Amino acid sequence: MMDGYLKIRRTCASCGEKLHHHRADDLPAYATIILVGKVVIGGMYAAEVAWSPPMWVQMTLWPLLALAMTLLILPRLKGMVVGMQWAWRMHGFGTDKEPHGPDR
């Protein structure tokens, strides 16, 4: 599904489904911030209470962990959002033949 780090392919390499009209927008970034923040802030607090490491350890460990987690999680969450849009037939993934409900 991905063509590079964060770019979605125009079409699926396996089935040919068009993917160019997806709209992941900011949801992957917001979800990444929440997940990484929970882990890093919780880890910082737990480490400080349990071991009270020197400040240079805290200033080295946690930013590196946050960066690594962000780089690992962000593309996966973007793929998940596009996959959910496809599964729920959102943003152009549906066909004109599908019913749109009683009010349309």
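This report walks through a pair of helices and three residues in a predicted model.

**The two helices**

Let's start with how the helices sit together. Two packed helices are described by the angle between their axes and the distance between the axes. Here, helix H1 covers residues 27–50 and helix H2 covers residues 55–87. Their axes come within 8 Å and cross at roughly 150°. Angles over 145 degrees count as roughly antiparallel, so H1 is roughly antiparallel to H2. The crossing of H1 and H2 is right-handed. Sorted by class, the residues in the contact of H1 with H2 are 18 nonpolar, four polar and two charged.

**A residue in H2**

Now look at Gln 58, which lies in helix H2. Is Gln 58 buried or exposed? Its relative accessibility is 10%, and buried means under 20%, so Gln 58 counts as buried. Its side chain is joined to that of Trp 62 by a polar contact of 2.3 Å. Leaving aside residues up to four places away in sequence, Gln 58 touches Met 44, Glu 48, Pro 53 and Pro 63.

**Two residues with positive phi**

Which residue in the loop between H1 and H2 is worth finding next? That one is Ser 52, whose phi is positive although Ser 52 is not a glycine. Arg 89, in the segment after H2, also has a positive phi without being a glycine. Ser 52 is partly exposed, and Arg 89 counts as partly exposed. The table puts their values side by side.

| Residue | Phi | Relative accessibility |
|---|---|---|
| Ser 52 | about 50° | 47% |
| Arg 89 | about 55° | 36% |

Key: Residues are numbered from 1 along each chain as its sequence is written. This is a predicted model: local features need pLDDT of at least 70, side-chain atom pairs count only at pLDDT 80 or more; totals for chains, interfaces and linings use all residues. Side-chain values use heavy atoms; hydrogens and water are left out. Axes are lines fitted to C-alpha atoms, for helices over the stretch in contact, and angles run from 0 to 180 degrees between N-to-C directions. Helices (H or I, at least four residues) and strands (E, at least two) are DSSP runs, numbered from the N terminus. Angles under 35 degrees count as roughly parallel, over 145 as roughly antiparallel, 65 to 115 as roughly perpendicular and the rest as oblique. A crossing is left-handed if the near helix is turned anticlockwise from the far one by less than a right angle, and right-handed if clockwise. Ala, Val, Leu, Ile, Met, Phe, Trp, Tyr, Cys and Pro count as nonpolar, Asp, Glu, Lys and Arg as charged, and the others, Gly among them, as polar. Buried means under 20% relative accessible area, exposed over 50%, partly exposed in between (1.4 Å probe, protein chains only). A polar contact is a pair of N or O atoms within 3.5 Å; within protein, one must be able to donate a hydrogen and the other to accept it, and residues adjacent in sequence count only if both atoms are side-chain atoms. Contact means heavy atoms within 4.5 Å.
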